[in-house]
Amino acid sequence: MSDRTILVTGGCGFIGSNFVRHLMDNRPDVRVVNLDKLTYAGNPENLAGFEGDPRYRFVRGDVSEPADVARAMEGGVDEIVNFAAESHVDRSILDSRLFVKTNVVGTQVLLEAARRAGVSRFIQIGTDEVYGDLGGPEGLFTEETPLAPNSPYSASKAAADLLVRSYFRTYGLPAIVTRCSNNYGPFQYPEKLIPLLVTNALDDRPLPIYGDGLNVRDWIHVEDHCRALETVLERGRPGETYNIGGSSERTNLEVARAVLARLEKPESLLSFVPDRPGHDRRYAIDPAKVRRELGWEPRLDFATGIDRTARWYIENRRWWERIKSGEYREYYRLQYGPG
Ligand code: NAD
Ligand code: DAU
């Protein structure tokens, strides 16, 4: 990378804000434009400290609105990294409309703007959930695994990936799709499993475990994901897909027990609740391609990552308390009913 402007969309969310910070801290040659709609999940506080920095510009806007995207691209953009999305599976089960608007239409609007501007890279932040369900303990998702999404969220992300593919093939847009497994780390909205478990445990509240708690996810610390994305931006091949994962499979029950042990809280806080409809049993990534072609390796093992993450939520209680006392309550009422 040399003296270039990167448009990051969704930069006020969990992974986007970690990625913007990663670029600002490690790439003095890069300017960042952050286009974010500031939905419930977008929090400008996540990037406090960069306001006023000449290398950083924030634009409030919607990726599915061409005028907002044009405003963000005023002054020129060399590369686009698209994180903007509705990202929570349970919300997509309650109402999928916004998932189609942001995740599908938003990606189409960005692709169109990207090809007209002639950007040199378009990175689509995808998810392993597009591959569907591995079911039992055998097998890993490779880049050749057929797409078989099972939730409205993952279906919208699969549609976006296919649009990206079509823009590479039809228009020659130098686009790349990455598909990552479950992230955790600082600034993650506490509707997602790990920050929900940590913050509930800190308040001695029950830890909701869907179904039998034996669904498996493949965890990666967000810092490792961000380093992988920087590598893809620098050396990834246009037209390719890269699976990214921490090779760290855990059942949800194992994750919950690790959190309780780290916080020295009793297992009596575990609370089994009705299962998520359509709940995928197991995800697991084969990251061989990104390791082999781009030389990326994860650095944080799960124990270290959980330790650091727990510490961050302990030290940043104000950040999550504010969230949990606001919009989040309404979502919980919809999800679990009053009381
Ligand atoms: P998040 O929900 O924390 O953040 C999403 C961000 O996008 C927020 O800042 C929100 O305000 C913004 N946004 C939403 N709609 C927008 C719109 N229409 N226009 C502009 N901005 C909008 O999400 P996250 O967990 O950081 O995920 C980021 C991306 O990574 C998503 O595309 C998600 O599908 C993908 N992903 C997430 C994970 C994970 O474990 N969290 C794993 C793999 C891939
Ligand atoms: O795999 C990547 C995906 O990971 C991303 O694409 C999504 O944006 C991200 O939200 C995440 O999806 P999951 O559905 O896997 O994450 P979530 O944190 O919602 O749930 C993780 C597991 O924990 C899943 O098996 C459901 C379970 N769960 C979740 C919640 C919120 C519980 O048992 N209890 C809960 O309260």
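I looked first at the ring cluster in this predicted model, and found that ring pairs link Phe187, Trp312, Tyr313 and Trp319; rings of Phe, Tyr and Trp (its six-membered ring) pair if their centres lie within 6.5 Å, with planes under 30 degrees apart counted as stacked, over 60 as edge-to-face and the rest as tilted. I noted that residues are numbered from 1 along each chain as its sequence is written, chains are lettered from A and ligands numbered from 1 in the order in which they are written. Local features need pLDDT of at least 70 and side-chain atom pairs 80 or more, while totals for chains, interfaces and linings use all residues, and side-chain values use heavy atoms, without hydrogens and water.

I then counted 14 aromatic pairs in the structure. For Tyr40 and Tyr189 I found ring centres 5.0 Å apart and planes at 85 degrees, so I entered the pair as edge-to-face.

Next I took Phe187 and Trp312, whose ring centres are 4.7 Å apart with planes at 55 degrees, so this pair is tilted. I looked up burial too (buried means under 20% relative accessible area, exposed over 50%, partly exposed in between, with a 1.4 Å probe and protein chains only): Phe187 is buried at 15%, and Trp312 is buried at 14%.

Last, I turned to charges over rings (NZ of Lys or CZ of Arg within 6 Å of the ring centre and within 35 degrees of the ring normal). I found Arg115 over the face of Tyr171, 4.0 Å from the ring centre, and Lys289 over the face of Tyr242, at 4.9 Å.
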